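Work through the exercises below with the sequence and the model open. Try each task before reading its solution.

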Amino acid sequence: MCKWCMQHGIGKKWYMNARNYSDQLADEYNLREYLTEQWMNFEAVYIRKIAGISSKALGYKLQMPIIGKILRWSVERMIHGAVKHPNPIRADGHIGQVIPMEDAQIILSKLAAEPIVETYCMCRKMQRGINYQCCINFGVLSEVLEKLPRFIPKERAHRISREEAMEKIELHNKNGLVSTVWYQPYPYINAICNCESPECGALRLRNDFDLMIMSKAEYIINLDQDKCQGCKACVSMCQWNAIRYIPSIKRVIIDYNKCFGCGVCRHACKHDALKLIPRQEFHGFDGHF
Amino acid sequence: MGKTKIKIDYSKCGPEGNVDPRDCAKCLNVCDPCVFLRHEDLKFKEENVFDPQHWKITPIWPSVCTRCYKCIDVCPENAISIKW
C-alpha cells in the first residue's frame, strides 16, 4: 500500500476509509471556506508567484542546476500539504491516485457524501478551451462549485444520484478516460475526476515533470499472453503508452513500469486477456507508486 | 536545442485586446500537447468574484512545445510569436 494508505487507511486503502469523506471532517478543518478560496481563481494557480517563482515554463525551471532541485523540493512539499499553513490559493494538499472503475463505483455507491454533482472539468476548460462534463464532485465541494457558474452546465442537470454516478464512471472508463480520486485538501476526499493526457493538470505534473501529485493505482495490469489475439484494440486505449503491438510475435507487450493500473485497456479487449491484479502481487513490484 | 520562447501580444488578445479568449480559444483547441492556459487575469478587480469576466491566455508549458506552428497559423489576430 502507498504511504497515504499507511497514514490514513486504517489498515485499508486510504480512499476506502469512510472518515476521509465525512462532512464532520470538512467542518473540523473549515473546508467549505478553504475550498471556496481555492476554487474561486483555481485556473490561475500555475501563474501565481510563490517566493517570486511561478509555474510558467516549469519544465525548464526544474532543469536548472541547483535552483531546480530546491524548486522541486519546495513544490513537492506544497503539493503534499506538508507546509505549516496549507494555502488554498496554491491548492496545497491536492493529491490524487489513479483508481480502476470498480473502486470508483464503490466510492460513489458507499462512501461519497451527497450531494453528488458532475461539473465541467476545469483542466479541459483551461488547457483545451472546451466544456466537458466529467468531473464528479461530492461532499462540501458540491455546494462550493454550485456558486461558480462557469463549471455548472446550463442545459443538463448537474446533481446526480449514486446510481447515475456509477453509470457515468463506467461510460467514462469505456471512453478511455482514467478515473482518479482526490484529496482536496489532505485528508478530505471530495472528487473523482475522469482524466486524460495532456489536458489533465495532474497527469502533466506527473508525466512531464515527475512531481508526485498523482500516484499509480493499487493495481497493475496482467496480460495473459496466450489469450491475446493481436487485435491491437487495447493499444490506443492506454494513456500512458504502456502497450505496444509486436508484429513478429503477433501480440501486444506491456511496459509494466509505465502501467498506472487504471484498467481502461480491459474494456477494449474482447478476448479476456487483460486483468487487473494488486500491485503488491506483481513480481517486479518495488514499492514505487 | 535552445529553450522555446512563445509570446502573445496582449494588445490583440485578452481583456486589453480585440478578442475575448472565452470566445476564441483557437490556440487552445489546436495545440496538441496543450502548451496554452486560459486563466483569470489577476490584474482586474472583478465585480463578482465567483464569475470572473477577465480572462487571459499564457503559454504555460513551453518545454513541451514541438514548434509545429499550428497556433501561429490559426490565431485570427496573429497575436502569437515564437523563437528558439
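The exercises that follow concern a predicted model.

**Exercise 1. Cysteines**

Find how many disulfides the structure holds, and explain the result for Cys13(B) and Cys75(B).

Solution. Step 1: a disulfide needs two cysteine sulfur atoms within 2.5 Å. Step 2: for Cys13(B), the closest cysteine sulfur belongs to Cys27(B), at 6.4 Å, so the two are too far apart for a bond. Step 3: for Cys75(B), the closest cysteine sulfur is that of Cys24(B), at 6.3 Å, which is also too far for a bond. Step 4: over all chains, the count of disulfides is zero. As for their surroundings, Cys13(B) is buried at 11% relative accessible area, and Cys75(B) is buried at 14%.

**Exercise 2. Aromatic pairs**

Describe how the rings of Trp39(A) and Phe151(A) are arranged, and state where in the chain the two residues lie.

Solution. Step 1: the structure has 12 aromatic pairs over all chains. Step 2: in the pair of Trp39(A) and Phe151(A), the ring centres are 5.4 Å apart and the planes meet at 85°. Step 3: an angle over 60 degrees counts as edge-to-face, and this pair is edge-to-face. Step 4: Trp39(A) belongs to helix 3 (residues 31–40) of chain A, while Phe151(A) is in the loop between helix 8 (140–145) and strand 4 (159–160). The pair thus links distant parts of the chain, 112 residues apart. Step 5: both Trp39(A) and Phe151(A) are buried.

Now classify Phe285(A) and Phe289(A): is each buried or partly exposed?

Solution. Step 1: the two rings form an edge-to-face pair, with 5.8 Å between centres and 80° between planes. Step 2: buried means under 20% relative accessible area. Step 3: Phe285(A) has 24%, so Phe285(A) is partly exposed. Step 4: Phe289(A) has 8%, so Phe289(A) is buried.

**Exercise 3. Charges over rings**

Which rings in chain B have Lys56(B) or Arg67(B) over them?

Solution. Step 1: the charged end of Lys56(B) is over the ring of Tyr10(B), 4.6 Å from the ring centre. Step 2: Arg67(B) lies over the face of Trp84(B), with 5.6 Å to the ring centre.

**Exercise 4. Chain B as a whole**

Give the order of elements in chain B and compare its radius of gyration with that of a compact globule.

Solution. Step 1: chain B has two helices and four strands, in the order β-α-β-β-α-β from the N terminus. Step 2: a compact globule of 84 residues would have a radius near 12 Å, so the 13 Å of chain B agrees. Step 3: the C-alpha trace spans about 45 × 20 × 20 Å along its principal axes. Step 4: buried residues make up 45% of chain B.

Notes: Residues are numbered from 1 along each chain as its sequence is written. Chains are lettered from A and ligands numbered from 1 in the order in which they are written. This is a predicted model: local features need pLDDT of at least 70, side-chain atom pairs count only at pLDDT 80 or more; totals for chains, interfaces and linings use all residues. Side-chain values use heavy atoms; hydrogens and water are left out. Buried means under 20% relative accessible area, exposed over 50%, partly exposed in between (1.4 Å probe, protein chains only). Rings of Phe, Tyr and Trp (its six-membered ring) pair if their centres lie within 6.5 Å; planes under 30 degrees apart count as stacked, over 60 as edge-to-face and the rest as tilted. A charge sits over a ring if NZ of Lys or CZ of Arg is within 6 Å of the ring centre and within 35 degrees of the ring normal. The radius of gyration is taken over C-alpha atoms; the globule rule is 2.2 Å times the number of residues to the power 0.38.
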